[in-house]
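User: I would like to learn how to read features of a protein model, going from the whole chain down to single residues. Could we take them one at a time?

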Amino acid sequence: MSRAIVSEHVDRASRWVYQGLWAVLVRWFRVPDRPPELPVMGGDRSESFRPAAGFLSYLKFKFWVGLTLFDGLVVIVWFVIAVASPLAGVLTAAPALALGVLPGILAYIAIHLRYDTTWYVMTSRSLRIRRGIWIIHETTITFENAQNVEVRQGPLQRLFGIADVLVRTAGGGGKQPAGQHGAETMTEHHGLIEGISHAPEIRDLILARLRQSRAAGLGDEPHHVPVGDGWSAEHLAVLREIRDLACRTA
């Protein structure tokens, strides 16, 4: 049986298993199947999107390359055993076959769970990234705190028409202890938007909203509003959240 036929059967069985598993996870483990929400006000609106379909193909391609190498090693080991002892070869044939099939089903499930639980949500002022199944991780980045936005794309990603956008922020976690020169440094955080097909557009959109957010200050206030000593970008972000909450509850 050719490798292509085996892959097709494994993919079909994996899809059937995954459909049932996903339904169980959503129902019993309360895995969110919808994008997270970000507070909006006025004419603002949120935009949600997910990794591109090419990201699934990209992950599966890497898996099948690794599985092919692994299966080749399993076949070689089994062949050596069978030549040395035909009886041992017969006894180990079923386990060897399972090693070639079960990892494909498990990887299919893991890859699709990773894709189906990844969401990106943007407003004019912030970005929220959610990943995870058992432990759900949500990262929220205020554009005013962003320090750098870059696109990353490797050769294999170019083949599948996808790229990553990395948003770096500074000061999100406070200050690190003084180093050997006695100066404190701001901790750096980042948000990774991976596997999207329109990475340059997303980068340019974030940069535009970053400039707009910094120019707007706390909102519609004049640009010359003074910020007292000790007030950082994090304080401003908290004040905005308080303002938004007050507007929604008014």
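User: What share of the contacts in the protein chain with a separation of 6 or more comes from residues 24 or more positions apart?

Analyst: In this predicted model, residues 24 or more positions apart account for 64% of the contacts in the protein chain with a separation of 6 or more. A single pair can illustrate separation in sequence against distance in space: D204 and V149 are 55 residues apart along the sequence, while their C-alpha atoms lie 8.7 Å from each other. D204 itself belongs to helix α6, which spans residues 199–216, and counts as partly exposed because its relative accessible area is 41%, a value between the 20% and 50% cut-offs.

User: How many helices and strands are there in the protein chain, and which pattern do they follow along the sequence?

Analyst: The chain holds seven helices and seven strands, and their order along the sequence reads α-β-α-α-α-β-β-β-β-α-β-β-α-α.

User: Is R130 buried or exposed, and where does R130 lie?

Analyst: For burial, the value to read is relative accessible area, with buried meaning under 20%. R130 counts as buried because its relative accessibility is 6%, and its place is in strand β3, residues 126–131. Setting aside residues up to four places away in sequence, its contacts include P32, R34, P35 and P36, as well as T117, T118, W119 and E138. For the chain as a whole, 32% of the 250 residues count as buried.

User: Which side chain of opposite charge is nearest to D164, and how far away is it?

Analyst: With a buried charge, one looks for a salt bridge, which requires a suitable pair of atoms within 4 Å. D164, in strand β6 (residues 163–176), is buried yet has no salt bridge, the nearest side chain of opposite charge being R152 at 7.0 Å. The side chain of D164 does, however, make a polar contact of 3.2 Å with that of Q157. Both R152 and Q157 are among the residues in contact with D164 beyond four places in sequence, a list that also includes E150, L192 and E194.

User: Which residues form the nonpolar patch on the surface?

Analyst: The patch consists of I76, W78, F79, V80 and V83, which together have about 510 Å² of accessible area. V83, found in helix α2 (residues 53–84), is exposed because its relative accessible area is 57%, above the 50% cut-off. As a background to the patch, the accessible surface of the protein chain is about 15400 Å², and 63% of it belongs to carbon and sulfur atoms.

Methods
Residues numbered from 1 in each chain as written. Predicted model: local features only at pLDDT ≥ 70, side-chain atom pairs only at ≥ 80, totals over all residues. Heavy atoms only, no water. Helix = DSSP H or I, 4+ residues; strand = E, 2+ residues; numbered from the N terminus. Buried < 20%, exposed > 50% of the residue type's maximum accessible area, 1.4 Å probe, protein only. Contact = heavy atoms within 4.5 Å. Patch = residues over 30% accessible without salt bridge, like charges linked within 9 Å, V, L, I, M, F, W, Y side chains within 5 Å. Areas by Shrake-Rupley, 256 points an atom, 1.4 Å probe, with all protein chains shown as cover. Lys, Arg positive; Asp, Glu negative; His and termini not counted. Polar contact = N/O pair within 3.5 Å; in protein donor to acceptor, adjacent residues only side chain to side chain.
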